[in-house]
Amino acid sequence: MKSYWLESTSANAYPRLEADLQADVCIVGAGIVGVTLAYLLHKQGLNVVILEKDSVLSNTTANTTAKITSQHGLFYTYLINSFSKDFAKKYLYSNENAISSIMHIIQSEKIECDLEIQDSYVYSCLEKDRQKLILEAQNVKSLGFEATFCENIPLPFKTIGAVKFPNQAQFHPRKYTLSLLNLIPQNCIYENSKVYDIKPNNKTYKVLTTAGTVSAKYVAITTHYPIINFPGLYFLKMYQDTSYIIGVDVKEELFPGMYISENEPVTSFRTIPFQNKRLLLLGGSGHKTGSSNIDLDNSYKNLENYVKKLYPKSEILYRWHTQDCISLDKIPYIGEYSNLMPNVFVATGFKKWGMTTSYVAAKIILDKIIGISNPYDKIYSSTRLHPLKNKDELGNMIAQTSYSLIFNKMSTPIEKYENLEIGTGGVVDYHGKKLGIYKKSKNEIFAVKPYCSHLGCELSWNNLEKTWDCPCHGSRYDYKGNLLNEPSKKGLEIVNLE
């Protein structure tokens with residue numbers, strides 16, 4: 001099944017770049033950030049080229065829950081304690097400004113995208129979290145925003161309360177962003193044009209694809225994961241997390257508002273208009289991408305079993321998953337890609353809150369290009385030298401990378417090739433060699449060297465999606481070895497079995 005956002009919309013087909021072009025700005029990645037930036041740049045009269053490795057708006061933007069909110073979990077107590085009150089206030093109002101700006105675009109451009117004003121809530125079912133929720137509401141109020149602690153919320157189960165942010169919003173992300181795409185020149189958009197390198201060329205840059213190149217003074221890398229490893233080193237400063245969403249007809253009247261839990265497992269609720277009724281979007285089952293110690297086959301089942309307990313007559317209509325980049329200090333990286341690459345910009349690490357952050361990022365990069373001071377750019381600085389606030393996660397990353405790079409490679413696979421069942425895969429011992437093998441059928445067997453082409457970490461088999469996933473930095477490959485997700489730039493080495 002595809003996501004509801006994909007199933008309910010269609011996009012124009014755009015050509016592959018097969019010539020050498022010039023532009024003021026080259027944008028790499030046609031998701032919501034890249035398209036929003038292109039729209040804003042076009043409004044300023046700048047000549048833009050957009051390059052997309054797949055189809056426009058088909059990846060992260062098409063697999064979100066699409067909440068437009070400045071409430072990113074119980075986040076503001078963390079920001080005040082880890083940074084400062086002023087930092088937290090700027091983060092809050094950069095996102096509130098994004099909400100109002102997105103609404104203004106929708107209204108001024110007359111975009112039909114199922115926009116709905118909704119209150120947003122972070123709730124808990126555990127009594128131990130009550131004071132944490134109350135403190136968060138108090139801290140947000142101290143920043144000048146009317147957050148409140150609510151004892152009762154209209155979810156179909158008992159909670160101990162929630163923090164409420166009023167006047168947030170939700171929409172259809174593809175309807176919105178496809179409309180923005182149609183507002184810029186159509187001859188500047190190129191699909192199936194994978195960028196593999198960016199090279200300085202006097203005072204400009206050459207953006208290299210497998211067929212053509214784009215020469216531009218400015219480059220914005222708005223891909224899900226930054227495509228250039230050096231400089232920047234974003235693979236040392238972020239990890240990737242996978243979560244799952246189901247679209248459900250519960251056969252009952254649903255509640256207003258948008259909700260996410262504070263306690264584990266993190267669960268998200270929102271509704272969407274659908275055929276004269278409303279569907280529930282239920283998200284959760286999150287895990288670090290490439291995790292090998294969990295049963296991924298249950299990722300959707302857990303959500304489906306949960307919703308059946310709440311609504312026994314419910315019918316599952318859609319299933320999809322998404323992968324998100326999370327920085328070590330939980331703040332997105334927006335701005336200069338590196339001090340060694342002037343006029344190259346990046347936007348990544350949105351921590352699952354890409355709808356509001358997409359506008360924050362696009363506006364910061366726009367202002368840098370046209371020479372306007374942005375009041376929020378410093379808190380998101382992508383060249384900051386203090387991304388290590390989350391020391392526990394840093395330790396986990398170092399441990400996982402070391403394990404996958406060194407110990408896994410030295411170890412012998414536990415499972416023998418002969419014992420691998422049809423329809424499953426894994427890293428196995430094949431006549432004394434360690435290989436990654438997927439047995440699709442008795443006569444269709446696919447073998448790869450099970451090491452990520454990014455930095456060589458040993459891969460994990462994802463039997464739910466039939467993919468090879470990297471536990472170090474989140475690259476993913478299909479069972480044939482073709483690259484699906486960065487930071488890798490190429491597929492896996494294929495092995496022909498004797």
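**Exercise 1.** In this predicted model, decide whether cysteine 150 is buried or exposed, and find out which cysteine sulfur is nearest to that of cysteine 150.

*Solution.* Start with accessibility: cysteine 150 comes out at 16% relative accessibility, so it counts as buried, the cut-off being under 20%. Next, look for a partner. Cysteine 457 is buried too, with a relative accessible area of 1%, but that's not where to look for the neighbour. For cysteine 150, the nearest cysteine sulfur belongs to cysteine 125, 15 Å away, and cysteine 150 is in no disulfide.

**Exercise 2.** Work out how many disulfides the structure holds and what their handedness is.

*Solution.* Count first: there's one disulfide. Cysteine 457 and cysteine 472 form it, with sulfur atoms 2.1 Å apart, inside the 2.5 Å cut-off. Now place the two ends. Cysteine 457 sits in the loop between β20 (445–448) and β21 (460–462), and cysteine 472 in the loop between β22 (467–469) and β23 (476–478), so the pair ties together parts 15 residues apart in sequence. Cysteine 472 is buried, at a relative accessible area of 2%. Finally, take the torsion about the S-S bond: it's about -100 degrees, so the disulfide is left-handed.

**Exercise 3.** Explain why cysteine 325 has no bond to cysteine 470.

*Solution.* Check the distance: the closest cysteine sulfur to that of cysteine 325 is in cysteine 470, 13 Å off, which is too far for a bond. As for cover, cysteine 325 is buried, with a relative accessible area of 3%.

**Exercise 4.** Find which residues make the nonpolar surface patch of about 290 Å².

*Solution.* The patch is made by Phe230, Leu233 and Leu236. Phenylalanine 230 lies in the loop between β10 (213–221) and β11 (238–249), and at 56% relative accessibility it counts as exposed.

Definitions and conventions. Residues numbered from 1 in each chain as written. Predicted model: local features only at pLDDT ≥ 70, side-chain atom pairs only at ≥ 80, totals over all residues. Heavy atoms only, no water. Patch = residues over 30% accessible without salt bridge, like charges linked within 9 Å, V, L, I, M, F, W, Y side chains within 5 Å. Areas by Shrake-Rupley, 256 points an atom, 1.4 Å probe, with all protein chains shown as cover. Salt bridge = Lys/Arg side-chain N within 4 Å of Asp/Glu carboxyl O. Helix = DSSP H or I, 4+ residues; strand = E, 2+ residues; numbered from the N terminus. Buried < 20%, exposed > 50% of the residue type's maximum accessible area, 1.4 Å probe, protein only.
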